[in-house]
Amino acid sequence: MTMSPLTYSGLQITDVTIELSKSSRKWIQSMDIQIDGANANGRVKQKVTPGTARVLTLVMEPPAVVVVSLHVTAHLRYKRFFRENWRSPKALISVQELLPVQGHGATDRREWRGTYDKLTVIVGLTTRAAHPVERAVSEASRSIMNVSLDHKERSLTPTTESILRDCPRFRILVLGKTGVGKSHLINKTFGVRDAIVSNVEVGVADIDKEIYSKENPHFILHDSKGFEHGDDVNVKIIQRFINERSKEPHIKDKLHAVWLCIDIPLAGGRLLESGIEQFLKLKIEGKLGHVPVIAVFTKYDLLVVHETRLLKKADRLGKSKEAIAKLIEHNARTILDEICVQPFDSFVEMKVPHITVSTDDGFEPRLSDLIQVTYDRVREYFVDASVVTAMAQRVNPRVNIQASIAVGRMKYWERLTTSVNFPGKKLQQCLDVIHTDIIAVWQFDDHQGHLSSSSFKALMSNTVSGEGGGDGIQGDPGKSLWVMLFLRLLKSIKLEAFRVGGTSPVSDTAGITSTVSGPAAPIVTPIAAAFVLAKWPYDVYQQTAVVSKLLMSYIIDLTLVLQNIFWLQALSGYGQPLSRRNVEAGARLYYESNAKQTILFKIDKYLKGFNFNVGPDTTLNTIVELIEPCIIDSAEMLEQRSNFPVPEDVLAH
């Protein structure tokens, strides 16, 4: 086949969009793209909501040169007679069809449109000057097979890499008067120790100033003084700032969230000053755009102390400490509902969410709830920014897991068993990109590179192919039992056997083997084998049950091990760098819990009923379902932690 000289211009595809007509009753599940016979890597531009998506865009990063043809397959789902069905219409577009609409500048984008039944395919195109070497390649590319000679050897680009390139930091505006607790709130939720909002003179704040933290590089803070009575000027300054930020063309420069900090009026004062009311009216009237605003009622601990002092002796008689604590909490919540929640919800017409927090010890679940609400609201606003929100926060592991899943949905976890990204790749390449994306979302303070080391990857790949399990709870543990088991196993580990010396992450076999002492040490074998990587990562990706099982296990195992490491770090004290012993203990805690056996059983059960040739790939949903019962929330950990106190030497670094 002779190529047209026009192809030497370097025609590039920047993005591909599929769009269903309004009359269609189907919705989009996913899309596959092949360019010149090779599977193309694309990043999902927007969140796809199952059951509702009618438009899907994949952005090529970098733009992909097309010489022969573009092949688009849309995977659609629909309901008929109360059953979900699927179909996959295909569109084969030749380069001759695309060339007439090409652009003529580096940034001159053009669109090609084609309609296939009720599906429209939109291809973004541009051109660039071809390098002589590329011209020679084009001349040699006489067939589709030759065009894709080296695609199998190309490395896979982590999705988090493109996310952080577009949005390296979570940008938040914190509003509130001096003394409302903004500094402690920021420090606790983002894991920093310096009161970064107090860099300016008391009562004065420059809202345009970007405040950074060396301890946490993934967020930018904008501070503003509180609303004084009749302070119209400050309201206008804040409105101007929010609206200007909303017009910024790049996501990194937009404002991602606003926390409005409000004192709980213990002394019978007014909840909402006139300035706060003006600001909230702007929000509910839509004059502040779509940026999420969350009201934060601060210093809940003072309300609890207040109710503790008011509790009569007669109400204490005959009650245990736990019963008295529950009574005080009930009274505090009742007062909170009366003086804060009801009047606030009435004023904002339920259009602005609110969370009550305290930065004192024992109230960590409330900070976790604040992050959860923030993440959920930001995700509705910008998916990429919500991932960076998860990276920046330090109090809610559930959000890290949700963000990991969101990143996976964008590309590599989607249709895992029938992937268009992995064919021809060695499994080690597939694992590397999955591993990199997952650990990137957690953003541990890992200066020594424990989690990205080849030894830790070898540990994970060896354990994936092993049996795992120990003497923990059999079957499918409930949430509270899972937390109890975590703490029980943590307490039982004899960490005095840890070798503290050495800087190599998960380094020598003898030291790691001696880490675990006691009657049951199932993790010794996979760690001891870490120097010799399991054979399976060297195999080539295939659409088989064995490969699918290994990849599913790797994703779930790594996610839950990282959750254990998160809690070990939290119990050790926020702000501590990641230690090798916590990495090793996190792995052991997972494999001794028996969750491994339960998860493998359920993966096998899923794959036995999976048809690789018919129907949609529901692997991602299965992964989510298997992870969900094992997530340890802050409230659950706090509730059980008092029943299983962990000796200080266990958590010592």
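The following exchange concerns helix H14 and its surroundings in a predicted model.

Colleague: What do the values rest on?
Modeller: Residues are numbered from 1 along each chain as its sequence is written, and side-chain values use heavy atoms, with hydrogens and water left out. Because the model is predicted, local features need pLDDT of at least 70 and side-chain atom pairs count only at pLDDT 80 or more, whereas totals for chains, interfaces and linings use all residues.

Colleague: How do you know that the span of H14 agrees with its 16 residues?
Modeller: Helices are DSSP runs (H or I, at least four residues) numbered from the N terminus, and the expected span is 1.5 Å times one less than the number of residues. For residues 427–442 this gives 22 Å, and the end C-alpha atoms lie 23 Å apart, which agrees.

Colleague: Why is H14 called largely enclosed by the rest of the structure?
Modeller: Buried means under 20% relative accessible area, with a 1.4 Å probe and protein chains only; 13 of the 16 residues of H14 are buried, so the helix is described in that way.

Colleague: Why is Ser453 counted as buried?
Modeller: Ser453, found in the loop between H14 and helix H15 (454–464), has 11% relative accessibility and therefore counts as buried.

Colleague: What does the side chain of Ser453 reach?
Modeller: The side chain of Ser453 reaches the backbone nitrogen of Phe456 at 3.1 Å.

Colleague: Which phi does Gln443 take just after H14?
Modeller: Gln443 takes a positive phi of about 50°.

Notes. Helix = DSSP H or I, 4+ residues; strand = E, 2+ residues; numbered from the N terminus. Buried < 20%, exposed > 50% of the residue type's maximum accessible area, 1.4 Å probe, protein only. Polar contact = N/O pair within 3.5 Å; in protein donor to acceptor, adjacent residues only side chain to side chain.
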